Amino acid sequence: MKIIKFKPNIKYKYQRKVLIKNLELKIFIGIHNFEKKKKQKVRFNLEIITDPNINPSKKDISTILNYETIVNKIKLLVKKKHHDLLEELAENIFDVIFKFRLVKKVKIKIEKLEIIKETESVGINVSKTRL
């Protein structure tokens, strides 16, 4: 009798995410005149899904998405210009993040924290996927 050993065919499906949680910045945002004159506190939460087929390597930094770089790019973006709408700001953030070839999907939550006194925050949740 011949014994045949089967190797288990184990495959994995990865999903890698870069998280930026509760980034709070004072920025110019809004369509009202008073919003154009005074900065508002805004909170950003991002979930960035990267290509699972590229293995992270400390020898090749282009294989990872650096969260510090993303935070600095958001800071620069909001410092450079006034955004009338949260939706416009979200699209500009998408443009910045999708320049990185690793990025497959981005979820953004942006909240104004002080605009309506009776609320903790008001804002938007938007996601965008590279096809």
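**A tour of the salt bridges and the largest pocket**

Select glutamate 91 to begin: at 34% relative accessibility, this residue counts as partly exposed. The model is predicted. Add lysine 128, which is also partly exposed, with a relative accessible area of 30%. The two side chains meet in a salt bridge, 3.0 Å from N to O. Glutamate 91 belongs to helix α3 and lysine 128 to strand β4 (residues 122-129), so this pair ties together parts that are 37 residues apart in sequence.

Next, select Lys17, Glu47 and Lys107, which are joined into one network by salt bridges that share partners. The whole structure has nine salt bridges.

Move to glutamate 24 and arginine 43, whose salt bridge has its closest N and O atoms 3.5 Å apart. Glutamate 24 sits in strand β1 (residues 16-27) and arginine 43 in strand β2 (residues 40-50), so the link spans parts 19 residues apart in sequence. Glutamate 24 counts as partly exposed at 39% relative accessibility, whereas arginine 43, at 14%, counts as buried.

Now select lysine 81 and glutamate 88, a salt bridge with 3.1 Å between the closest N and O atoms. Lysine 81 is partly exposed at 38% relative accessibility, and glutamate 88 is partly exposed at 28%.

Keep lysine 81 selected and add Lys73, Leu76, Leu77, Lys80, Asn92, Val96, Lys99 and Phe100 to show the lining of the largest pocket. Its volume is about 170 Å³. Helices α2 (67-80) and α3 (86-97) each supply at least two lining residues, with the largest share, four residues, coming from α2. Colour the lining by class to see four nonpolar, one polar and four charged residues.

How values were computed. Residues are numbered from 1 along each chain as its sequence is written. This is a predicted model: local features need pLDDT of at least 70, side-chain atom pairs count only at pLDDT 80 or more; totals for chains, interfaces and linings use all residues. Side-chain values use heavy atoms; hydrogens and water are left out. On a 1 Å grid over the protein atoms alone, a cavity is a set of points where a 1.4 Å probe fits but cannot get out, and a pocket is an open set with protein on both sides within 12 Å along at least five of seven lines; lining residues have an atom within 4 Å of a point. Grid points are joined across faces, edges and corners, and a volume is the space filled by probe spheres set on the points. Ala, Val, Leu, Ile, Met, Phe, Trp, Tyr, Cys and Pro count as nonpolar, Asp, Glu, Lys and Arg as charged, and the others, Gly among them, as polar. A salt bridge is a side-chain nitrogen of Lys or Arg within 4 Å of a carboxyl oxygen of Asp or Glu. Buried means under 20% relative accessible area, exposed over 50%, partly exposed in between (1.4 Å probe, protein chains only).
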